[in-house]
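Here is a short tour of how some helices and strands are arranged in this protein. Have the viewer open and follow along.

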Amino acid sequence: MDLDPEGIFRDDSDEDDDNLHEREANKEMVVYLIDASPKMFTPATASQEDEKQETHFRTIVNCITQSLKTQIIGSSRDEVAICFFNTKEKKNLQELAGVYVYNVTEREPLDRPDARLIKEFSCIEDSFMSNIGSRYGITSGSRENTLYNALWVAQALLRKGSVKTVSKRILIFTNEDDPFGGITGAVKTDMIRTTIQRAKDAQDLGLSIELLPLSRPDEDFNMSLFYADLIGLEGDEIVQYVPSAGEKLEDMTNQLRKRMMKKRKVKTLSFAITDDVCIEVNTYALIRPTVPGTVTWLDSISNLPLKAERSFICNDTGALLQDPQKRFQLYNDKVVKFSVRELSDVKRVSSHHLRLLGFKPLDCLKDYHNLRPSTFIYPSDEQIFGSTRVFVALHSSMLRLRRFALAFYGNPTRPQLVAIVAQEEATSSGGQDEPPGMHMIYLPYSDDVRYPEEVHLTSGDAPRATEEQIKKASNLLRRIDLKNFSVLQFANPGLQKHYGILEALALGEDEMPDIKDETLPDEEGLARPGVVKAIEEFKASVFGENYDQEEAEAAAAKAGTSKKRKAVTDAASQKSASYDWADLADNGKLKDMTVMDLKSYLTAHGLPVSGKKDALISRILTHLGK
């Protein structure tokens, strides 16, 4: 029986006898294929004549520029190439017409993005027509096929590196849904056939071809005319691939970022179901705190990164120690020595990374058990064949019986219990919303659970809001309600400022970028008449009509100061009452008292406490009439 007939648990790294699927890779090579035909330089939106109109070409340049900046920050090992097709000039190793590989000096055509490439590419539209030129590549009466040439050049650029270790991708940007619409007959059929065959040949070599279509103001992009066959879409996939009609062009950058940020596994774990059954799973971090990159120390002369080395020197002889280091622990006045390997074995609490303990009903899992973001796990057959079949059987049973698995996560630095919860695949008209798999939720131990003190107030002690106050508060909440709120709308202002300054320095810009802090309140929105009225009405219902906030704060501060001064005076009075000050003065023993004791008497009687010890004693004698 086939446990996974739909193939929903087939990972990107799985292999099939007939097809070579994209593997999980630590490095990516991407070729941007940009259509440079005259249609790309038409206005992207239907705007008024007096408004500045942005072209599709400018939109794509901006998107790729932002993507290259993101790659420098997040994936410095990835390599990119920029290639235009439907150009007047040609620049490629194959000398094919209508294809121009864009690059800067001292850089390979397919290489890591650098500051100079980003700076010059961002303003390429100003000089594009004069230096490179635009034309319709596929025209009637001509056998030239610039799209075919572009795919050939892109495949040649991605020739280096193996698909086993590198993810290779071609991204096509165009607003022309029918590149062969200007020709007819057998010539058109032959061109379409050879172009699609070129794309299939590239995919057979492990290259992924993706399309980022742009719709013109007068018509939507029709995938079914040509590009569905080029990238291999069928049926409902065609409808789901095309962006919705209401999607704005400013969302294109986010689309590109989503397609560039492929999933990358954190680590591979062995999951012990029983003593005899063990499967392999990959783990993926759903949420990870983003912090600025680590500082790299450079040599002051060569500007090359420094490599840190550590050596151990004998304290007695000064000789360099070559033997493996040993650690020790004092126990009962004896030195117990450990090698690094022995210490690692002592710390290991489980032979497997993940060991199943049993199952519990889902209602036993509480919200407060979730200590930190969960880890998503997915099966893999790379090392242990059959892991997917066992994982699917376990996943289906947990969903059907509404149970979660309790397991022990044997991390040597922090062994802990985890709850493994099955997640069912969720789809919509736009595609897959949630993939099938399991979430590993980190559970607290009994020592981690806190029990707050319960405060029981009687009806007389607890303050109660009036109906009028509740009504005004409800009106205020409706006025400042955040519509369609999501934490994904807000970027970390500290990180944005950090990377903005680095970007300005790398690109040689004179001014630092102005970073907008999206976490600050919307002052313009709060100043709207309806919001201001709701705030004032709520304040009046709570504090009264003639409430002055500054006057109330000043009175509260004065009351707090008076209360603090009274507490100090009471403490000093209590301390000074333990001495017979008149007897101490008569017997001349005031000089034996400490300065703090003398000041307690002065504070209790409202006298100044400044000056040296002799001045304090004189002040006390004067107050006692001595």
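## A pair of helices

Let's begin with α4 and α5, bearing in mind that this is a predicted model. The two helices are roughly parallel to each other, because their axes cross at roughly 15° and angles under 35 degrees count as roughly parallel. Helix α4 covers residues 146–157 and helix α5 covers residues 185–204, and their axes come within 9 Å. As for handedness, the crossing of α4 and α5 is left-handed.

Which residues make the contact? On the α4 side they are L147, Y148, L151, W152 and Q155, and they meet T194, T195, R198, A199 and A202 in α5. By character, the residues of this contact comprise 6 nonpolar, 3 polar and 1 charged.

## An open sheet

Next comes a sheet of 5 strands, which is open and has the order β3-β2-β1-β4-β5. Its pairing is mixed. Which strands stand at the edges? They are β3 (99–102) and β5 (207–213). Each of them has a single partner strand, so one side of each is left without a neighbour in the sheet. From one strand to the next, the twist averages 20°.

## A closer look at β3

The partner to look at here is strand β2, residues 79–85, which is joined to β3 by 4 bridges. These two strands run antiparallel. To find the register in your viewer, select F85, which stands opposite V99 in β3. Then select C83, which stands opposite V101 in β3.

Are the faces of β3 covered or uncovered? Both are covered: V99 and V101 lie on one side, Y100 and Y102 lie on the other, and all four residues are buried. So although β3 is an edge strand, with one side left without a neighbour in the sheet, its two faces are covered.

## A closed barrel

Further along the chain there is a second arrangement of strands. Here 7 strands form a closed barrel, running β6-β7-β11-β16-β13-β12-β10. The pairing in this barrel is mixed, and the twist averages 40° from one strand to the next.

One pairing to pick out is that of strand β11 (residues 375–379) with strand β16 (residues 437–442). How many bridges join β11 to β16? There are 3, and the two strands run antiparallel. A handy marker for this pair is I377, which stands opposite M438 in β16.

How values were computed: Residues numbered from 1 in each chain as written. Predicted model: local features only at pLDDT ≥ 70, side-chain atom pairs only at ≥ 80, totals over all residues. Heavy atoms only, no water. Axes fitted to C-alpha atoms, helices over the stretch in contact; angles between N-to-C directions. Parallel < 35°, antiparallel > 145°, perpendicular 65-115°, else oblique. Left-handed = near helix turned anticlockwise from the far one by under 90°. Contact = heavy atoms within 4.5 Å. Nonpolar A, V, L, I, M, F, W, Y, C, P; charged D, E, K, R; others polar. Pairing = 2+ DSSP bridges. Buried < 20%, exposed > 50% of the residue type's maximum accessible area, 1.4 Å probe, protein only.
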